[in-house]
Amino acid sequence: YSFVIFAVMKWIFALISSASLLFALSGLSSCKKNKGMSNGNLEFSVDTLVFDTIFTTIGSTTQQFKIYNNDKKELKIDEVELMGGSSSPFRMNLDGLMGTSFSNIDIPAEDSLFCFVEVTLQVNGQLLPMVVEDSIRFRTNGKDQYVKLAVWGQDMHYHYSNFKAEIYDTNEGIWENDKPHLVYGAAIVDSAKTLTIPEGTQIYMHKTSILYNYKGTMNFEGTQANKITIQGDRLESFYDDVAGQYYGVYYHLARPSTMEHVVIKNATSGVHVYSKDAAFSGTTLTMKKVEIKNPSSYGIFLFDGPKVDVENTLVYHSGIHALLVLKGAEFTFTHCNFMGYGAGDPTTPAVGIRNYFVDQFGTLTIASVPSGNFNNCVIDGYGDEQLVFDTLPGATLNFDFNKSVIKATASSHSMFTTSIFNQPVYFIAPYQGNFKFSNTASALSNSADAAFLTSDNKDIEDNLRSNPTDIGVYEIP
């Protein structure tokens, strides 16, 4: 199977644009020196340089602080020393020079220097986060001054695959949730194997990494109280809203799988389902109460005929489409929100459906959509056209939009008989990701069709739905 995996991964990673972070080494220009040397001391932009939680073996981003000479005379720093020396997990760069100790550093009058610091922690064998500290000593005119360094570190379960080297981290059984899981390259569920990911599991993905189900079963069993979270492995606040940090969750020719109470953020494609195992006629993937936010490309990507059943799922802030169906699929979405409020082109629709595909050799394949249902769903976003079809004849196309609120040019087609077009929804703060509504005049309020409810008659937060119930993922009391 390794040849198949390698071919597919080569195609996937061709879609991903990766960028390298440079360790900037720079100093400030000198000013004109005054005669004589200062007897003063240094000042610093911080007294403690604190790093956000990082994972062991995964280095941090670069932090920096400034060293000031506020006197009107030149000031000599006699000694600078990283107190942990060569055994310190911290690395220091002073005015463009790497090292653990320096001497006779001059700072011109009323000038300053930059000091850059990075850190990499080793495995500590602990379940709880640890605090690691060090300091940098500055000796000037016989006086020692210190800038403290502090970082919170966390051990994790580690999953590594290298497709070029044919190293495959295949998984089955149950992942422990006692500490985070970090995926470097890929974590693979191989053919005919089953992996269960229990409630509360925290999964961190290194850049371009992927959770990859190849002809197996992958079940995410989160709960409202203990959701499963999938995100990038950079925990610095700068990365909170950086899309495309890893690929996503990928089902390739998969056997029936489930996903419940999962949060997926900052992926490239949050959930990508590529066809299904032909030996199974049932649903390839069942998703319930899933939140997919800020993918750089697609929230849910269905390709080449998979069958999915999705309830109470919220997809928003996508770079391209919240939902893309390409080369056909069979699907039912019930009480789902596909939101086009993303960072990409505002004219790109939230939902795009195409029943054909042209491969790299120019071969055209036209595929069917035997059943494509949107029940009590919301399709909304920036632009006026949030639902777009691009279909060719020659295959079965059956769509139904049952009591769904849609922002698009109104259509009299029979598939839209009960749809609600271009009516105000009154989301509280869609640009901030709040898709609840407080105005009872909302087109979503008490407007759902009771014939198309979710399997447990609850919303995405496990609130029991009233009668009549609201359209979309939220039931507003």
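In which sense do strand 21 and strand 23 pair, and over how many bridges? In the predicted model examined here, strand 21 and strand 23, the latter covering residues 285–293, pair in the parallel sense over eight bridges. Within this pairing, Met 259 stands opposite Met 287 in strand 23.

Strand 21, which spans residues 257–265, also takes part in pairings with strands 18 and 19. Strand 18, made up of residues 217–221, runs parallel to strand 21 and is joined to it by three bridges, and in this pairing Asn 219 is the residue that stands opposite Thr 258 in strand 21. Strand 19, comprising residues 228–232, likewise pairs with strand 21 in the parallel sense, over three bridges, with Thr 229 placed opposite Val 263 in strand 21.

Strands 22 and 24 belong to an open sheet of eight strands, in which the pairing is parallel and the order is 14-17-20-22-24-27-30-35. The edges of this sheet are formed by strand 14 (186–189) and strand 35 (387–390), each of which pairs on one side only, and from one strand to the next the twist averages 10°. Inside this order, strand 22 (residues 269–274) and strand 24 (residues 298–303) are paired in the parallel sense over five bridges, and His 272 stands opposite Phe 301 in strand 24. As a general point for reading such strands, the side chains of a regular strand alternate between the two faces of the sheet.

Definitions and conventions: Residues are numbered from 1 along each chain as its sequence is written. This is a predicted model: local features need pLDDT of at least 70, side-chain atom pairs count only at pLDDT 80 or more; totals for chains, interfaces and linings use all residues. Side-chain values use heavy atoms; hydrogens and water are left out. Two strands pair if DSSP finds at least two bridges between them. Helices (H or I, at least four residues) and strands (E, at least two) are DSSP runs, numbered from the N terminus. Axes are lines fitted to C-alpha atoms, for helices over the stretch in contact, and angles run from 0 to 180 degrees between N-to-C directions.
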